[in-house]
Amino acid sequence: MEKFILNITASSGEFYQGYCESLTLPTGDGVYGVQAGHNPVLVALHMGIAKFTVDGETREVLVGDGIAEVTPTFVLLLVDSAERPEDIDRNRAEAARIRAEERLQHKQSMHEYYQSKIALDRAMQRLQTATKYKR
């Protein structure tokens, strides 16, 4: 199977770089699939599970919002965050959910409201992922 180079870079730094056989990305419309030789495109990413195959083994990573640059020979993901599902601290995610819900109860500016909604969405996605991938 043909391969391409995958680079996943989060705001905290490089998460993964190496060869990849296939990739699925979370988008606002569902998932977007990529294989070697794909036509060039930019794809908006939404927080969710990205799956990529390396040497026949599928790996999963929870990525935050971002963008993917796809070319025939490489894919660059620039995302807010990237973490393996098994590394998610469920207690920390639950505490973040509670804080975000409490902030939403208070009168705040529209900007603060949207920031609180984003924090709540992120906490909920992390909790769902941690529950689904609990090992």
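Student: Let's start with the strands. What makes β3 and β4 a pair?

Tutor: In this predicted model, β3 and β4 are joined by 6 bridges and run antiparallel. Pairing calls for at least two bridges between two strands. With 6 bridges in hand, β3 and β4 therefore count as paired. One of the spots to look at is S22, whose bridge partner in β4 is Q35. The two strands also form a hairpin, with 2 residues between them.

Student: How do you know that β3 pairs with β6?

Tutor: Use that cut-off again: at least two bridges. Strand β3 (residues 22-27) and strand β6 (residues 48-54) are joined by 3 bridges, so this pair passes too. Here the strands run antiparallel, and T24 stands opposite K51 in β6.

Student: Which sheet do these strands belong to, and why are β4 and β10 called edge strands?

Tutor: They sit in an open sheet of 5 strands, ordered β4-β3-β6-β7-β10, with antiparallel pairing. β4 (30-35) and β10 (82-83) each have a single partner strand, so one side of each has no neighbour in the sheet. That puts both at the edges. A helix joins the picture here: α2 (residues 110-132) packs on the sheet and touches β6, β7 (57-63) and β10. The direction of α2 makes about 155 degrees with that of β7.

Student: What is the strand order in the sheet with mixed pairing?

Tutor: That open sheet, also of 5 strands, goes β2-β1-β9-β8-β5. Its edges are β2 (13-20) and β5 (41-45): each has a single partner strand, so one side of each is left without a neighbour. On average, neighbouring strands in this sheet are turned by 15 degrees against each other, direction ignored.

Student: What makes β5 and β8 a pair?

Tutor: Count the bridges. β5 and strand β8 (residues 66-70) share 5 of them, in the antiparallel sense. The requirement is at least two, so β5 and β8 qualify. Across this pair, L42 stands opposite E69 in β8.

Student: Now the helices. Why are α1 and α2 called roughly antiparallel?

Tutor: Helix α1 (residues 90-104) and α2 pack at an angle of about 150 degrees, and their axes are 8 Å apart. Angles over 145 degrees count as roughly antiparallel. About 150 degrees is over that limit, so α1 and α2 are roughly antiparallel to each other. The crossing of α1 past α2 is left-handed.

Student: What kinds of residues make up the contact of α1 with α2?

Tutor: Many residues meet there, including A93, A96 and L104 in α1 and A119, L120 and M124 in α2. Sorted by class, the contact has 10 nonpolar, 3 polar and 8 charged residues.

Student: How do you know that K3 forms a salt bridge with D55?

Tutor: Check the distance. The closest N and O atoms of K3 and D55 are 3.1 Å apart. A salt bridge needs the Lys or Arg nitrogen within 4 Å of the carboxyl oxygen of Asp or Glu. The value of 3.1 Å is within 4 Å, so the name fits. K3 lies in the segment before β1 (4-10) and D55 in the loop between β6 and β7, so the pair ties together parts 52 residues apart in sequence.

Student: How many salt bridges does the structure hold, and how many helices and strands does the protein have?

Tutor: There are 5 salt bridges. The protein has 2 helices and 10 strands. From the N terminus on, the elements run β-β-β-β-β-β-β-β-β-β-α-α.

Notes: Residues are numbered from 1 along each chain as its sequence is written. This is a predicted model: local features need pLDDT of at least 70, side-chain atom pairs count only at pLDDT 80 or more; totals for chains, interfaces and linings use all residues. Side-chain values use heavy atoms; hydrogens and water are left out. Helices (H or I, at least four residues) and strands (E, at least two) are DSSP runs, numbered from the N terminus. Contact means heavy atoms within 4.5 Å. Axes are lines fitted to C-alpha atoms, for helices over the stretch in contact, and angles run from 0 to 180 degrees between N-to-C directions. Angles under 35 degrees count as roughly parallel, over 145 as roughly antiparallel, 65 to 115 as roughly perpendicular and the rest as oblique. A crossing is left-handed if the near helix is turned anticlockwise from the far one by less than a right angle, and right-handed if clockwise. Ala, Val, Leu, Ile, Met, Phe, Trp, Tyr, Cys and Pro count as nonpolar, Asp, Glu, Lys and Arg as charged, and the others, Gly among them, as polar. A salt bridge is a side-chain nitrogen of Lys or Arg within 4 Å of a carboxyl oxygen of Asp or Glu.
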